[in-house]
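Here are some short exercises to work through with the model open beside you. Try each task before you read its solution.

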Amino acid sequence: MTKLDAVRALGCRPRDRLHARGLAGPRRYDAIIDVAGNRSLRDLRRALTPRGRLVITGGETNAAWLGGADRQLRAQMLSPFTGRRLGTFIASECADGLRDLTALIDAGALRPVVDRVYPLTETAAAVRHLLDGRVTGKLALTLPAE
């Protein structure tokens with residue numbers, strides 16, 4: 001199953017217009033949400049309308065600086081000097097939110113997409129699989145029974 005198939009299986013109707021037409025085309029967008037991290041900040045800015053909004057939700061896949069967060073920081077530093085709003089979205093966890101999430105999963109109202117489950121002793125293999133870039137959903141580690 002491809003990543004796009006997994007998103008469709010969840011009931012979403014994704015539109016990847018940037019990939020289908022390329023960023024170099026004449027079309028400009030009011031908003032771009034970059035979840036893949038494989039487009040340059042320059043290309044994303046060029047694809048925006050003059051008052052457009054860019055939201056970067058993840059780090060770069062091949063970033064040499066700051067563990068992938070450098071593109072996010074550059075976007076925030078550049079934003080005040082352009083008519084475009086360039087920013088990021090970084091999720092934060094809180095205990096109440098995680099309890100609510102667990103309740104939704106337990107009730108069957110939410111189904112997490114888990115690509116593969118590894119025992120804790122195979123953490124290195126899980127990380128290698130993640131770095132291959134072919135993970136659809138999340139990876140999980142199981143703790144040994146006591």
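**Exercise 1. Is Glu122 buried, partly exposed or exposed, and where does Glu122 sit?**

Step 1. Glu122 has a relative accessible area of 38%, so Glu122 is partly exposed; the classes are buried under 20%, exposed over 50% and partly exposed in between, with a 1.4 Å probe and protein chains only as cover.

Step 2. Glu122 belongs to the loop between strand 4 and helix 6 (123–131). Helices (H or I, at least four residues) and strands (E, at least two) are DSSP runs numbered from the N terminus.

Step 3. Now look across to Thr142: 20 residues separate Glu122 and Thr142 along the chain, and their C-alpha atoms are 9.6 Å apart.

A word on the ground rules: this is a predicted model, in which local features need pLDDT of at least 70 and side-chain atom pairs count only at pLDDT 80 or more, while totals for chains, interfaces and linings use all residues. Residues are numbered from 1 along each chain as its sequence is written, and side-chain values use heavy atoms, with hydrogens and water left out.

**Exercise 2. Describe the overall layout of the chain.**

Step 1. Count the elements: there are 6 helices and 5 strands.

Step 2. Put them in sequence order, and the pattern reads α-α-β-α-β-α-β-α-β-α-β.

Step 3. Check burial: 21% of the 146 residues count as buried.

Step 4. Turn to contacts (heavy atoms within 4.5 Å). Of those with a separation of 6 or more, 35% come from residues 24 or more positions apart.

**Exercise 3. Find the residues of the largest nonpolar core and the elements that supply them.**

Step 1. Apply the rule: a nonpolar core is a set of buried Ala, Val, Leu, Ile, Met, Phe, Trp, Tyr and Cys residues joined through side-chain atoms within 4.5 Å.

Step 2. The largest such core has 10 residues: Tyr29, Ile32, Leu41, Leu44, Ala47, Leu48, Leu54, Ile56, Ala75 and Leu86.

Step 3. Strand 1 (29–34), helix 3 (41–46) and strand 2 each supply at least two of them. Strand 2 gives the most, with 3 residues.

Step 4. For background, nonpolar side chains tend to be buried together in soluble globular proteins.

Step 5. Ala75 also appears among the buried residues of helix 4 (residues 70–78), along with Asp70, Arg71 and Gln72. Their cover includes strand 1, helix 3, strand 2 and strand 3 (85–88).

**Exercise 4. What surrounds Thr49?**

Step 1. Locate Thr49 in strand 2 (residues 48–56). Its relative accessible area is 16%, so Thr49 is buried.

Step 2. Setting aside neighbours within four places in sequence, the contacts of Thr49 are Arg28, Tyr29, Asp30 and Arg84.

Step 3. With Asp30, Thr49 shares a side-chain polar contact of 3.3 Å. A polar contact is a pair of N or O atoms within 3.5 Å; within protein, one must be able to donate a hydrogen and the other to accept it, and residues adjacent in sequence count only if both atoms are side-chain atoms.

**Exercise 5. Which residue forms a salt bridge with Asp96?**

Step 1. Look for a side-chain nitrogen of Lys or Arg within 4 Å of a carboxyl oxygen of Asp or Glu. This rule gives 1 salt bridge.

Step 2. The partner is Arg99, whose closest N–O distance to Asp96 is 2.5 Å.

Step 3. Why can they pair up? Asp96 and Arg99 are 3 residues apart in helix 5 (residues 95–106), so about one helical turn separates them. An α-helix has 3.6 residues a turn, so residues three or four places apart point the same way.

Step 4. Arg99 is exposed, at a relative accessible area of 52%.
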